[in-house]
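Biologist: I have a fresh model open on my screen and would love a guided tour. Could we start with charged pairs and work outward from there?

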Amino acid sequence: MKSWINVTIFAAIIVLLAIGWIFYFHNDAIVEHLHKDGKLAKIVKKLGQSTPPVVPEDEDPDNTKNEIPVHVAHLQTAKLHRYIDGFGTVSPKPAGPGQMAGSANIASPIAGVVAKVLRTVGQQVHAGDPVIQLDDRLARSAVEQAEAGLTQAQASLAALKAEPRPDQVQIAQLTVEKSQSALELAQKNYDRIKLLASQQGASGKSVEQAASDLAGARLDLAISQKQLALLNAAPLPEQLRQEQAKVAQAAAALATAKVQLQMMTITAPIDASVVSVSANPGESVDPTHPLIQLVALDRLMVDVDVPAEQLPANAAGLAARIFPSSASFTDDQNKLAEGKVTMVTPQVDARNGAVMVGIDLPADANLRPGLAVKVRIVVEEHKDVVAAPQEAVVTDENGDSVISVVEENQATHKTVKVGLQENGLTEVIGEGLSDSTVVVTTGAYGLPAATRVRIVE
């Protein structure tokens, strides 16, 4: 009994599913045999399969017959650039061949005491102008002593080189003759007393005295003869060299004293402006502490770090534009100055792959050291190239760059090679392109390879 009930239930389920399938998929045929306005017909129709409404086609699938609204523009001949942008700081130029440095920190070359400060902040100075005067009293005294020593040495040398006067020679000759006569008299006196002594007529003391007088007369004659010889003879080379060495030594001492005196006046080494003074009269100074800082506002440069991989191998001479740090590169009215790349450090910073570039500024740049600026270096320039608006160049499904060229309301894809981009323009390279070529701008993305278009003004 129980199995029979199960079979009956299963059969009933099968019948219900079959009836449901018929009503769902064939309800239209069933509804046709029922009364159209009857409730049963409405219920059966609701139980059937829903059919999506048929939407009438409003466009022809043939793209060559449809007109797609687009905006167009002419290609144009332009000059485009590639730039490297960065941030830099204005700083003084270093010294170069034939060029003064852009700054100098001046210290005293020697220890001393400040007597006068001769310049104030903001004043212009030229190379060689005095800026600080030290107390130079001791240095002046040393110069005077050295001058006196040189004068004495020169006088001694001149006396050695001078020829004797005739009256000096005559006096020396008379002295020799006098000494000769005295010697002859002493010799005769000695011979006489010695003879008397042999005859017991003179004492031994008398003989000794006569011998002493004879020796003295001989010595006087030798001295007078030597003096006469010295007057008649030229000075010895050794004597000249000795006196000349004394003159040279005195001259060197004088030069040293003058240099010491010059050091007491501290001068400007470059043409520049005074930007700071840290010395006052009466203060002691030494070579370790700068006293005055000079900066030449007409010899400035900008130091900027840029990616080394973007910089050409020969970057010297590249043009660079300087802008305020808060300004936009796109507005040339914000430009502060233009310069040129003059220096690129050979070492690449391993931390960020950058190199430091030095950009010389013109003398009339009117900038100040320490100012933070933006820098745009012109790395590449293409003149008289064909350029399209950037929105006109799209990438197709093959990854190629294409533009849609419009001819008589027909837009056709044209594969191009793109170059530099600047100010909303893109360099395009392809056959048959000129400034008379019309291309799709707004609406170019997703446009079929060939289609009819309607130009929207």
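Biologist: How many salt bridges does a search of the whole structure find?
Modeller: Happy to help, and please keep in mind that this is a predicted model. The search runs over the whole structure, and the number of salt bridges it finds is twelve.

Biologist: Let's take R82. Which residue forms a salt bridge with R82?
Modeller: R82 belongs to strand β3 (residues 76–92), and its partner sits in strand β16 (residues 372–389), 298 residues apart, so to speak a link between distant parts of the chain. The closest N and O atoms of the pair are 3.2 Å apart. The partner of R82 is E380.

Biologist: Is R82 buried, exposed or partly exposed? And what about E380?
Modeller: Buried means under 20% relative accessible area and exposed means over 50%. R82 has 30% relative accessibility, so it falls in between and counts as partly exposed. With a relative accessible area of 29%, E380 is also partly exposed.

Biologist: Which side chain meets D360 in a salt bridge?
Modeller: D360 lies in strand β15 (residues 354–360), while its partner is in the loop between β3 and β4, 267 residues apart. The N to O distance is 3.6 Å. The side chain that meets D360 is that of K93.

Biologist: Is K93 buried or exposed?
Modeller: D360 has 22% relative accessibility and therefore counts as partly exposed. K93 has 10% relative accessibility, and the cut-off for buried is under 20%. K93 therefore counts as buried.

Biologist: Which residue forms a salt bridge with D298?
Modeller: D298 counts as partly exposed because its relative accessibility is 38%. Its partner has 11% relative accessibility and so counts as buried. The closest N and O atoms are 3.6 Å apart, and the partner is R299.

Biologist: Now for the inside. Which helix or strand gives the most to the largest nonpolar core?
Modeller: The largest nonpolar core has 31 residues, and V131, I132, L134, I266 and L294 have the most contacts inside it. Elements that each supply at least two residues include β4 (103–107), β7 (130–134), α7 (237–263) and β11 (290–295). The one that gives the most, with six residues, is α4.

Biologist: How many residues are in the other core that lies apart from it?
Modeller: This other core has A337, V355, V375 and I377 among its members. In soluble globular proteins, nonpolar side chains tend to be buried together. The number of residues in this other core is 24.

Biologist: Which strands stand at the edges of the open sheet that contains β4, β11, β9 and β6?
Modeller: The four strands run in the order β4-β11-β9-β6, with antiparallel pairing. Within the sheet, β9 and β11 pair over four bridges, and S276 has Q293 in β11 as its bridge partner. Two strands each have a single partner strand, so one side of each is left without a neighbour in the sheet: these are β4 and β6 (124–125).

Biologist: How many residues of strand β18 are buried?
Modeller: Strand β18 covers residues 401–407 and is largely enclosed by the rest of the structure. Antiparallel partners are strand β17 (residues 394–395), joined to β18 by two bridges, and strand β19 (residues 410–415), joined to β18 by six bridges. Of the seven residues of β18, the number buried is six.

Biologist: Which residue in the turn between β18 and β19 has a positive phi?
Modeller: β18 and β19 form a hairpin with two residues between them. Beside the turn, E407 has Q410 in β19 as its bridge partner. The residue with a positive phi, of about 50 degrees, is E408.

Biologist: And in the hairpin of β17 and β18, which residue takes a positive phi?
Modeller: Here five residues lie between the strands, and T395 has S401 in β18 as its bridge partner. The phi is near 85 degrees, and the residue is G399.

Biologist: Last stop, the surface. Which helix does I5 lie in?
Modeller: I5 has 38% relative accessibility and so counts as partly exposed. Together with I9, F10, I13, I14 and L17, I5 forms a nonpolar surface patch with about 590 Å² of accessible area. The helix that holds I5 spans residues 2–25 and is α1.

Note on methods. Residues are numbered from 1 along each chain as its sequence is written. This is a predicted model: local features need pLDDT of at least 70, side-chain atom pairs count only at pLDDT 80 or more; totals for chains, interfaces and linings use all residues. Side-chain values use heavy atoms; hydrogens and water are left out. Patches are made of residues with over 30% relative accessible area and no salt bridge: like charges are joined within 9 Å, nonpolar side chains (Val, Leu, Ile, Met, Phe, Trp, Tyr) within 5 Å. Accessible areas come from the Shrake-Rupley method with a 1.4 Å probe; for residues, only the protein chains shown count as cover. A salt bridge is a side-chain nitrogen of Lys or Arg within 4 Å of a carboxyl oxygen of Asp or Glu. Buried means under 20% relative accessible area, exposed over 50%, partly exposed in between (1.4 Å probe, protein chains only). A nonpolar core is a set of buried Ala, Val, Leu, Ile, Met, Phe, Trp, Tyr and Cys residues joined through side-chain atoms within 4.5 Å. Two strands pair if DSSP finds at least two bridges between them.
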